[in-house]
Amino acid sequence: MSWSLLEALRSNPDIVRESLRKRRMDTSVVDRFLDLDSKWRRVKAEIDELRHRHNVISREISKLSGEEREARIKEAKELLSIIQAREEELKRLEEERERILRGIPNLVHESVPYNCPEGVDAIPIRFYGTPKVWTGYLNDFKEQTERFGFKVPYEVIDWKPVGHADMLEVVLGLGDTVKAGEVAGSRFYYLFDDIVMLDFAILLYAIDHMTRKGFRLVLPPYMLKYEVLSEILDMDTFKDMVYKIEDEDLYLIGTAEHPIAAYLRRTELLEDQLPLLFVGVSPSFRREASAGNRDMKGIFRVHQFHKVEQFVFCLPEDSWKWHEELIRNAEELWQGLDIPYRVVLLCAHDMGRCAAKQYDLEAWMPAQGRYREMVSCSNCTDWQSAKLGVRVLRKNMRRDFVHTLNSTAIASTRAITAILENYQEPDGTVVIPKVLRKYLEVFSKAPVDAIHPRKKETR
């Protein structure tokens, strides 16, 4: 049986405990929820009984007179005072129960690996392309492929590629993170000329691909209220990720997923209206406070970037089919770029809390000698919709929460880093992937098939 989180908590809490164990999380939260839920039900029953008594007394008062009437009026007032106090207690329990519920992650799907070996956060399930592997990274490459039983063809190169950060700023001279750091802080950047055009070409490429597949293009709000965002994310976990606007009840979005999920908040759909497919384009803002000193150079892990995001609202029975469809869409985009990648299935302990199952697509980065995350693709089942109140009215008049799914289509700055490393030549030239060239023509009258190193100054 496929359980939703709410059903499992109410009917079979051991399912939730087992899911939490797979995520390597404390299971005591289930007992806290059940205790609060029991107290809430008890207080609710008391209030219902008190209201019933008050209604009976109110009906009697009209038939009474004298001292007996005054006594009944006094009793009614005392009951109202008690009811008010109990309602305040009910509200407190309700709020605490809701806070606990929002912090419980989604149920882990049965196909998700758990108890993964030390140091393993994901299991590769397929590879694409022929990576260029510098001789110094051959052992590292084989560790990332053969360890999991794959024989991936590769091309050995005897020159070590330049890292994307140095390619961008030193070789091409088309980025500046030093000056951005002075005026805005670390993890910001200036991009110039051909790299700016490449950024927008990547976005146009993804938008074109997804809209041809029937996804509705949307430009969403770039900010959301706390109440709304807390129904989409576990804010206790994500507080280090999102930016808050000072003195405003507004937060900058970390991805278009969030405002698209909120678009149907408190909406009841008809069965025939589903699925609803959206492709959002927006900047994404991330504090990256938990990233420490990782990826400080270049534009791989930054506070702002452009991203095209896939999002689906669908019937519960269709969500696993759509999960495979979304990762396939992302793969088609990366296959079009002809950049080697692998798709990995995340272990339970490494998944986002809203996900029941999560794929990542990781591109091969020749200068680093490893695969790096470019795409995250999650089936959130009813974890978000139950909080947002997005339901479907079935033809048999039953109401269910819809399922929501999201996946990166492409994030432009990360795609640029992969292009800079995979398409560079020994002389520093970066060839433009063929699929992007027609989109670059929007910005340039002349065909753009490569980005050349900046000319060195002569004395």
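1. Helix H12 covers residues 319-337 of this predicted model. At 1.5 Å a residue, its 19 residues should span 27 Å, and the end C-alpha atoms lie 28 Å apart, so the expected and computed values agree.

2. Which residues of H12 are buried? They are Ser-319, Trp-322, His-323, Leu-326, Ile-327, Asn-329, Ala-330, Glu-331, Leu-333, Trp-334 and Leu-337. An α-helix has 3.6 residues a turn, so residues three or four places apart point the same way. The buried set of H12 includes Trp-322, Leu-326, Ala-330, Leu-333 and Leu-337. Directly after the helix, Asp-338 adopts a positive phi of about 55°.

3. The cysteines deserve separate comment. The count of disulfides comes to one. This bond joins Cys-116 to Cys-347, with the two sulfur atoms 2.1 Å apart. The link connects distant parts of the chain, 231 residues apart. Cys-116 belongs to the loop between helix H4 (66-103) and strand S1 (122-128), while Cys-347 sits in the loop between strand S12 (341-346) and strand S13 (357-365). The angle about the S-S bond is -105°, and the link is left-handed. Both Cys-116 and Cys-347 are buried.

4. Why are Cys-354 and Cys-380 not counted as a disulfide? For the sulfur of Cys-354, the closest cysteine sulfur is that of Cys-380, at 3.5 Å, which is too far for a bond; the cut-off applied is 2.5 Å. Seen from Cys-380, the closest cysteine sulfur is likewise that of Cys-354, at 3.5 Å. Cys-354 counts as buried because its relative accessibility is 15%, and the cut-off for that term is under 20%. Cys-380 is also buried, with a relative accessible area of 0%.

5. An open sheet is built from three strands in the order S9-S15-S16, and its pairing is mixed. Strand S9 (268-270) and strand S16 (399-401) occupy the edges. Each has a single partner strand, so one side of each is left without a neighbour in the sheet. On average, neighbouring strands of this sheet are turned by 35° against each other, with direction ignored.

6. Within that sheet, how do strands S15 and S16 pair, parallel or antiparallel? Strand S15 (residues 391-393) and S16 pair in the antiparallel sense, over three bridges. For Leu-393, the bridge partner in S16 is Arg-399.

Notes:
Residues are numbered from 1 along each chain as its sequence is written. This is a predicted model: local features need pLDDT of at least 70, side-chain atom pairs count only at pLDDT 80 or more; totals for chains, interfaces and linings use all residues. Side-chain values use heavy atoms; hydrogens and water are left out. Helices (H or I, at least four residues) and strands (E, at least two) are DSSP runs, numbered from the N terminus. The expected span of a helix is 1.5 Å times one less than its number of residues. Buried means under 20% relative accessible area, exposed over 50%, partly exposed in between (1.4 Å probe, protein chains only). Two strands pair if DSSP finds at least two bridges between them. Axes are lines fitted to C-alpha atoms, for helices over the stretch in contact, and angles run from 0 to 180 degrees between N-to-C directions.
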